[in-house]
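Have your viewer ready and a selection box open. We will take one stop at a time, and each stop tells you what to pick and what you should find there.

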Amino acid sequence: MLFAIRTDKTMPDRTSLKFLVVDDFSTMRRIVRNLLKELGFTNVDEAEDGAVALAKLRDGNFEFVVSDWNMPNMDGLTLLQNVRADARLKTVPFLMITAEAKKENIIAAAQAGASGYIVKPFTAATLQEKLDKIFEKMGI
Amino acid sequence: MATKQKAPGKTRSAKSAPRQAAAGKPTTKPGGRRAAPTRATGAVLSELKSLARELNKAAKGLSKKRSGNPKDVSTILGNVERMTAEAATKSLIEAESAKLIVSRLTDSLSRDWSRKDIETSLKELGGHLTNIIVAQEFQDLAGQSIRHALKALVGAIIVTEGGGPTEEGRLSQIEVDSLLKDLMS
């Protein structure tokens, strides 16, 4: 599945979307949270690895996942595969932000159903561009 | 009561045979029976061959690790140094630019000032602060690199994981976008 995007009519407007930022480095979580805030997204929660993220996703009504790849316990790709395999979560947009930038990584992420892929180091403009692209496909 | 008699030649293990030979003890029993010592020597030779093979295999592994690790660690730490330097330079440039704007704004307050100019300056200021925030991402990348370096250093004990933010084989964001576009079409 490539670029699974939620397109139902109950779609919320952009700024009210509930984000989950997943990264084992607190600095990176903070950076992404700051950037999201600057783009108008204030409903943001964090998780330090894929396992914590999956539990939070199953408990809460998250509408967007921004995740790192390399993490302890459960990596970002496994998290993505779990999300896509979960009937309730499978349509949640999933943006990967990672230092893993080899061809096989990109292919694996795309095949697992990533909605977008950003390589570190990245800029605020890149994040905005990728988010816009995903929102465009979501129709919001 | 019957007593068990041990067969000649079976009381000596393969390991004890060379020790006895080295000590000058006879390896044959009086009467010239040589079959048992020959069997023992054969077992020792076989064991020695097996040990030699194991040693050879281990030596190959060691030389491989020794030649790879220092280079890997050097490359990784070199990347860390570059990342920290770039982040520091970027942060300094952005902070200096922000300070210039603050100074310009402060000066303008004592003169005629326009709301529009102040709004523009504040937006510019916000942009510089954002860039300073983003520049801190080096900590994530440097942290991952240091973890890889640590793993490489203790590679003899801990199996080093592949991947990580090394330059080799990495695609740029433009290349990633292009690849994703191809995969989608």
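Select A:V22 and then A:S67: the latter, in strand 3 of chain A, is the bridge partner of the former. Keep in mind that you are looking at a predicted model. Step back along the strand to A:L20, and you will find A:V65 as its bridge partner in strand 3 of chain A. Now show both strands in full: strand 1 and strand 3 (residues 64–67) of chain A pair in the parallel sense, with four bridges between them.

Next, turn to the other neighbour, strand 2 (residues 44–47) of chain A, which runs parallel to strand 1 (residues 19–22) of chain A and is joined to it by four bridges. Here A:L20 stands opposite A:D45, and A:V21 stands opposite A:E46. Trace the backbone from strand 1 of chain A through helix 1 of chain A to strand 2 of chain A, and you follow a right-handed β-α-β crossover.

Stay on strand 1 of chain A and display side chains. Are its faces covered or open? Both are covered: A:F19 and A:V21 lie on one side, A:L20 and A:V22 on the other, and all four are buried. In a regular strand, side chains alternate between the two faces of the sheet.

Zoom out to the whole sheet of chain A. It is open, has five strands in the order 2-1-3-4-5, and pairs in parallel. Strand 2 and strand 5 of chain A are at the edges with a single partner strand each, so one side of each has no neighbour in the sheet. From one strand to the next, the twist averages 20 degrees.

Add the helices. Helix 2 (residues 50–59) of chain A lies across strands 1, 2 and 3 of chain A, at about 165 degrees to strand 1 of chain A. Helix 3 (residues 76–85) of chain A also packs on the sheet. This helix 3 touches strand 1, strand 3 and strand 4 (94–98) of chain A, and its direction makes about 175 degrees with that of strand 4 of chain A.

Now pick out the largest nonpolar core, with 52 residues; A:L20, A:V65, A:M96 and A:A109 touch the most other members. Beyond its neighbours within four places in sequence, A:V65 is in contact with residues including A:L20, A:V83 and A:F94.

Finish where the chains meet. The contact takes 26 residues from chain A and 21 residues from chain B. On the side of chain A that touches chain B, helix 1 of chain A gives the largest share, five residues.

Note on methods. Residues are numbered from 1 along each chain as its sequence is written. Chains are lettered from A and ligands numbered from 1 in the order in which they are written. This is a predicted model: local features need pLDDT of at least 70, side-chain atom pairs count only at pLDDT 80 or more; totals for chains, interfaces and linings use all residues. Two residues are in contact if their C-beta atoms, placed from the backbone, lie within 7 Å. Helices (H or I, at least four residues) and strands (E, at least two) are DSSP runs, numbered from the N terminus. A nonpolar core is a set of buried Ala, Val, Leu, Ile, Met, Phe, Trp, Tyr and Cys residues joined through C-beta atoms within 7 Å. A residue is buried if 20 or more other C-beta atoms lie within 10 Å of its own, exposed if 12 or fewer, and partly exposed in between; C-beta atoms are placed from the backbone. Two strands pair if DSSP finds at least two bridges between them. A crossover is right-handed if, with the strands pointing away from the viewer, the path from the first strand over the helix to the second runs clockwise. Axes are lines fitted to C-alpha atoms, for helices over the stretch in contact, and angles run from 0 to 180 degrees between N-to-C directions.
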